[in-house]
Amino acid sequence: MAAEYFDAIPTDFLDPGMTVSVEVDGFPVAVANVDGEYYAFQNLCPHQGTKLGGRKLDEGCFITCPMHASRYDVRSGECVRPSNEDNFDQDLMIFPVRITDDVVQVAL
Ligand code: FES
């Protein structure tokens, strides 16, 4: 079955270098704008569930959890620095994205 895409946010609501928290079909998702390319990932840190969306990206494509400093590449979900509490290093779930009529759509 083909993936079902849901509206997440208009493209012009999200500046390059920023992320935002959205609900996609009731699921907490974060969307990032990496130099005009959009990426979607789980909004809650896999370590202890701290919200990630709404923070600036650093070095263009990385987000750092404010709780224990885990760092993730939002393009791939890869955990590039583990939690400073217990070295937990699970990657973020990421979701397919497409743009339709200037709206970022995310497939769950
Ligand atoms: S909750 Fe995110 S690193 Fe611990």
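**Reading a chain of strands**

Modeller: Let's start with one residue: asparagine 87 counts as exposed, because it has 10 C-beta neighbours inside 10 Å. Keep in mind that the model is predicted.

Colleague: Thanks! Where does asparagine 87 lie in the chain?

Modeller: Asparagine 87 belongs to the loop between E7 and strand E8, which covers 94-95. Its phi is positive, near 65°, and asparagine 87 is not a glycine.

Colleague: How do I read burial for another residue, say aspartate 25: what do its neighbours tell me?

Modeller: The general idea is to count C-beta atoms within 10 Å: 20 or more means buried, 12 or fewer means exposed, and anything in between is partly exposed. Aspartate 25 has 13 others in that range, so it is partly exposed. Aspartate 25 sits in the loop between strand E2 (19-24) and strand E3 (27-34). Aspartate 25 also has a positive phi, about 50°, although it is not a glycine.

Colleague: And what about glutamate 59, exposed or buried?

Modeller: Glutamate 59 is exposed, because it has 8 other C-beta atoms within 10 Å. You will find glutamate 59 in the loop between strand E4 (37-42) and E5. Sequence and space are worth reading side by side here: glutamate 59 and aspartate 73 are 14 residues apart in sequence, and their C-alpha atoms are 9.9 Å apart.

Colleague: Let's step back to the whole chain. How many helices and strands does the chain have?

Modeller: There are zero helices and ten strands. The radius of gyration is 13 Å, close to the 13 Å that the globule rule gives for 108 residues, so the chain is as compact as a globular protein of that length. Its C-alpha atoms fill a box of roughly 45 × 30 × 20 Å along the principal axes. Of the 108 residues, 30% are buried.

Colleague: What share of the contacts links residues 24 or more positions apart?

Modeller: Such pairs account for 42% of the contacts with a separation of 6 or more.

Colleague: Now the sheets. What order do the strands take in the sheet that holds E6?

Modeller: First, a general idea: in a regular strand the side chains alternate between the two faces of the sheet. Here, the order is E5-E6-E7, in an open sheet of three strands with antiparallel pairing. Strands E5 (62-64) and E7 (79-81) are at the edges with a single partner strand each, so each has one side without a neighbour in the sheet. On average, neighbouring strands of this sheet are turned by 30° against each other, direction ignored.

Colleague: How many bridges join E5 to E6?

Modeller: Three bridges join them, and E6 covers residues 71-73. To find the pairing by eye, look for threonine 64, which stands opposite arginine 71 in E6.

Colleague: What is the order in the sheet with E10?

Modeller: That open sheet has three strands in the order E1-E10-E9, paired antiparallel. E1 (5-10) and E9 are the edge strands, each with a single partner, so one side of each lacks a neighbour in the sheet. The twist from one strand to the next averages 35°.

Colleague: What should I look for around E10 itself?

Modeller: E10 (residues 103-107) pairs with E9 (residues 97-100) over four bridges, while E1 and E10 pair over five bridges. Valine 103 is a handy landmark: threonine 100 stands opposite valine 103, and so does proline 10. In the hairpin of E9 and E10, two residues lie between the strands, and aspartate 101 takes a positive phi near 50°.

Terms used: Residues numbered from 1 in each chain as written. Predicted model: local features only at pLDDT ≥ 70, side-chain atom pairs only at ≥ 80, totals over all residues. Pairing = 2+ DSSP bridges. Axes fitted to C-alpha atoms, helices over the stretch in contact; angles between N-to-C directions. Rg over C-alpha atoms; globule rule 2.2 N^0.38 Å. Contact = placed C-beta atoms within 7 Å.
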